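Me: I'm new to reading protein structures, and I'd like to practise on one. Can you walk me through it?

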Amino acid sequence: MGFGILLKAITLWLVLVLSSVGKSNAGFGLRLGLSKASHNRKSHESGHAPKGYHGKSRHFKGRRVGHGSNKPPSFVPPINTSSPPNLPPNKYTSSPSRPSGLQVGFYKGLCPNRLVDIESTLITKVQQQFRQDPTILPALLRMQFHDCFVHGCDASILINGPSTEKTAGPNLSVRGYALIDALKDIAEEQCPGVVSCADIIAIATKQVIKMGGGPDYSVQTGRNDGLVSRAQDVNLPSPFLTVSESISAFDAKRFTTEEMVILLGCHTVGISQCTFFQDRLYQGNTQFDPKMDPILRKQLQPTCPKGTTSNNNSTFLDQNPQSSNKLDNSFFVQILNQRGILPIDQALARHPQTIAFVQQFARSATLFNNKLASAMVKLQALDVLTGNQGQIRKTCSRIN
Ligand code: HEM
């Protein structure tokens, strides 16, 4: 009798032990399944892929509880982010969470293949493009400015459509879209749904600045793409503004007068069409500039005959022929010598609120370089969308 009870007790104990082993195996299997599911979900949600994916544990918890599993919470296996020890290392494991906010090296380890350094891959392509056509430098600088000053740096300038920002007057001569599209193709191939178009503009602009002789600063990434792009919102400063009006326009975007002067120093590269300066060349026009260097005026007149309406005629914004394509401080020397092209550029060297900055930057290339780096970081961070805001576009010219 006593032996019978002992036998039953041993059998019961054995059953309990075996069933607990079975459960823990099921838990392990489930853990693997979850890990894969999370990876797939990330790719599928793309477009705005890893958005809302700030913390793995929160995400998993939310999914399991929120999706109404009938199992009691005690059956939810513990989340184990480390790989099971008996599986070969898998380089395509799920990407870690997408941090919120801008930071240098944001994309490190965020691609499905964590070994891919997507920023360096993009940089290689930008380098190739720059070597083929260095005018990509002014093109991207201007694109970056025009994007950031309208709804922040959110790639809203890239959207195609009948009345998007791209179609607004000041943006009609913005160039560089093909390179951004090519970079996006590379990003989507190697890292689908992860890299924003806004970051692609920032990475490419930073790289061409460096290659064009400007500062080599660390570019921050982590921007998301915007959902709004309307021509009517494009309210960029005009080249015919007074210095005071221009200061107000930059102040509205939280830039100091000095930062405005520095950023306008980007007119040390690139070109302007006649329409923006031809009236300064001819006596009798209200815009005629008697103080312009007379040698320059003579040189510009054949390029921009009186009353020309052609968009094809243009000249360098920096009239130092040795440095028209170099991102240096030569622009400041030129405007001090009354050789500025745009009315606003020349006005900087004549206005009491800006002339001291112009003189400083004309004297010191290093000072301009250092301050340009900070101003670019600030410009590229202007009103950015991060975290759950906006989306990661699949195609830069279309909202998902
Ligand atoms: C008051 C502010 C500004 C005004 C009024 C202004 C105006 C202009 C104008 C009228 C042109 C000639 C466009 C054409 O001919 O189609 C131009 C070109 C350019 N702007 Fe500005 N700009 C301003 C600020 C900036 C800033 C802050 C940057 C860069 C951070 C910038 C970068 C450039 C570049 C690089 C070009 C040459 C583009 C090319 O060669 O394709 N501009 N700008």
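Me: What percentage of the 400 residues of the chain count as buried?

Reply: Keep in mind that this is a predicted model. Here, 37% of the 400 residues count as buried. As for the pieces, the chain has 13 helices and four strands.

Me: How do I describe two helices that pack together?

Reply: You give the angle between their axes and the distance between the axes. Take helix α3 (residues 118–132) and helix α5 (residues 177–190): their axes come within 10 Å and cross at roughly 150°. Angles over 145 degrees count as roughly antiparallel, so α3 is roughly antiparallel to α5. The crossing of α3 past α5 is right-handed.

Me: Which residues of α3 meet α5?

Reply: On the α3 side you'll find I118, T121, L122, K125 and Q129. Their partners in α5 are L179, A182, L183, I186, A187 and Q190. Sort the residues of this contact by character and you get seven nonpolar, three polar and one charged.

Me: Now the ligand. Which residues come nearest to it?

Reply: There are 24 residues around the ligand, and P138, S173, L263, C266 and G270 come nearest. By character, the shell divides into 15 nonpolar, seven polar and two charged residues.

Me: And which helices and strands supply at least two residues of that shell?

Reply: Look at α4 (136–148), α8 (257–264) and β3 (271–273), which each do so. The largest share comes from α4, with five residues.

Terms used:
Residues are numbered from 1 along each chain as its sequence is written. This is a predicted model: local features need pLDDT of at least 70, side-chain atom pairs count only at pLDDT 80 or more; totals for chains, interfaces and linings use all residues. Axes are lines fitted to C-alpha atoms, for helices over the stretch in contact, and angles run from 0 to 180 degrees between N-to-C directions. Angles under 35 degrees count as roughly parallel, over 145 as roughly antiparallel, 65 to 115 as roughly perpendicular and the rest as oblique. A crossing is left-handed if the near helix is turned anticlockwise from the far one by less than a right angle, and right-handed if clockwise. Two residues are in contact if their C-beta atoms, placed from the backbone, lie within 7 Å. Ala, Val, Leu, Ile, Met, Phe, Trp, Tyr, Cys and Pro count as nonpolar, Asp, Glu, Lys and Arg as charged, and the others, Gly among them, as polar. A residue is near a molecule or strand if its C-beta atom, placed from the backbone, lies within 6 Å of it. A residue is buried if 20 or more other C-beta atoms lie within 10 Å of its own, exposed if 12 or fewer, and partly exposed in between; C-beta atoms are placed from the backbone.
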